[in-house]
Amino acid sequence: MMKPASLSASVLGLAAALLAAPAVARADMPTFEVVAENDRFTPETIEVPANTRFRLQLTNRNVGPEEFETSTPFKELVVGPGVTRSTIFPPLKPGSYPFFGEFHPDTAKGRFVAK
Ligand SMILES: [Cu+2]
């Protein structure tokens with residue numbers, strides 16, 4: 001039987017491990033940065049690892065808001081001017097996945113290429 005002191009130490013250790021785990025997962029997740037500027041996205045082609053969750057981080061340097069959107073998988077990310085936000089994409093099979101800016105559909109276009 002554990003003494004109370006060692007019991008609470010192991011509970012604390014477990015709590016610390018549970019708290020640490022998501023931070024490690026976040027740090028390990030590949031992150032791709034995109035900038036919206038002059039109503040376009042840079043870069044326009046983003047190579048991502050296939051079958052791997054990844055984070056998209058979007059910084060909006062347009063004068064107005066932008067909405068980053070993909071149809072497959074369906075994702076929307078609305079970002080106000082001067083703001084950076086991120087969203088997580090599910091694992092993608094190898095292929096090309098277009099994205100566009102819903103507020104500037106004629107100019108803000110690009111694609112993820114999963115390899
Ligand atoms: Cu939308």
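## Worked exercises: a copper site and a ring cluster

With a relative accessibility of 43%, Glu 76 counts as partly exposed, because that class lies between buried (under 20% relative accessible area) and exposed (over 50%), using a 1.4 Å probe and protein chains only. The model is predicted, so local features need pLDDT of at least 70 and side-chain atom pairs pLDDT 80 or more, while totals for chains, interfaces and linings use all residues. Residues are numbered from 1 along each chain as its sequence is written, and side-chain values use heavy atoms, leaving out hydrogens and water.

**Exercise 1. List the elements of the chain in order, and state what share of its residues is buried.**

Step 1: Count the elements, taken as DSSP runs numbered from the N terminus (helices: H or I, at least four residues; strands: E, at least two). There are one helix and nine strands.

Step 2: Read them off from the N terminus, which gives α-β-β-β-β-β-β-β-β-β.

Step 3: Turn to burial. Of the 115 residues in the chain, 31% are buried.

Step 4: Look at the contacts (heavy atoms within 4.5 Å). Of those between residues at least 6 apart in sequence, 57% join residues at least 24 apart.

**Exercise 2. Find the donors of the copper ion and classify their arrangement.**

Step 1: Collect the donors, which are N, O and S atoms within 2.8 Å of the metal (3.2 Å for Na, K and Ca); water is not among the atoms, so a site may look incomplete. The copper ion is coordinated by OE atoms of Glu 67, Glu 69, Glu 76 and Glu 102, at 1.8 to 2.0 Å.

Step 2: Place these donor residues along the sequence: their spacing is E-x1-E-x6-E-x25-E.

Step 3: Check the angles. The four donor atoms subtend 80 to 173° around the copper ion, so the arrangement is irregular. Tetrahedral would need all angles between 85 and 135 degrees, and square planar would need opposite donors over 155 degrees apart with all others between 65 and 115.

Step 4: Add the burial of one donor residue. Glu 69 has 9% relative accessibility and therefore counts as buried.

**Exercise 3. Describe the ring pair of Phe 32 and Phe 54, then the cluster that holds both rings.**

Step 1: Search the whole structure for aromatic pairs, with ring centres within 6.5 Å (planes under 30 degrees apart are stacked, over 60 edge-to-face, the rest tilted). The search finds nine.

Step 2: Classify the pair. The ring centres of Phe 32 and Phe 54 are 5.8 Å apart and the planes stand at 80°, so this is an edge-to-face pair.

Step 3: Locate the partners. Phe 32 belongs to strand β1 (residues 31–37) and Phe 54 to strand β4 (residues 54–60); they are 22 residues apart, and the pair links distant parts of the chain. Both Phe 32 and Phe 54 are buried.

Step 4: Follow the ring pairs outward. They link Phe 32, Phe 41, Phe 54, Phe 68, Phe 89, Phe 99 and Phe 112 into a cluster.

**Exercise 4. Work out which residues Gly 110 contacts beyond its sequence neighbours within four places.**

Step 1: Place Gly 110: strand β9 (residues 109–114). Its relative accessible area is 6%, so Gly 110 is buried.

Step 2: List the partners, which are Glu 44, Tyr 97, Pro 98 and Phe 99.

Step 3: Take the distance to Phe 99. Gly 110 and Phe 99 are eleven residues apart in sequence, with 5.2 Å from C-alpha to C-alpha.

How values were computed:
Four donors count as tetrahedral if all angles lie between 85 and 135 degrees; four count as square planar and six as octahedral if opposite donors are over 155 degrees apart and all others between 65 and 115; anything else is irregular. Rings of Phe, Tyr and Trp (its six-membered ring) pair if their centres lie within 6.5 Å; planes under 30 degrees apart count as stacked, over 60 as edge-to-face and the rest as tilted.
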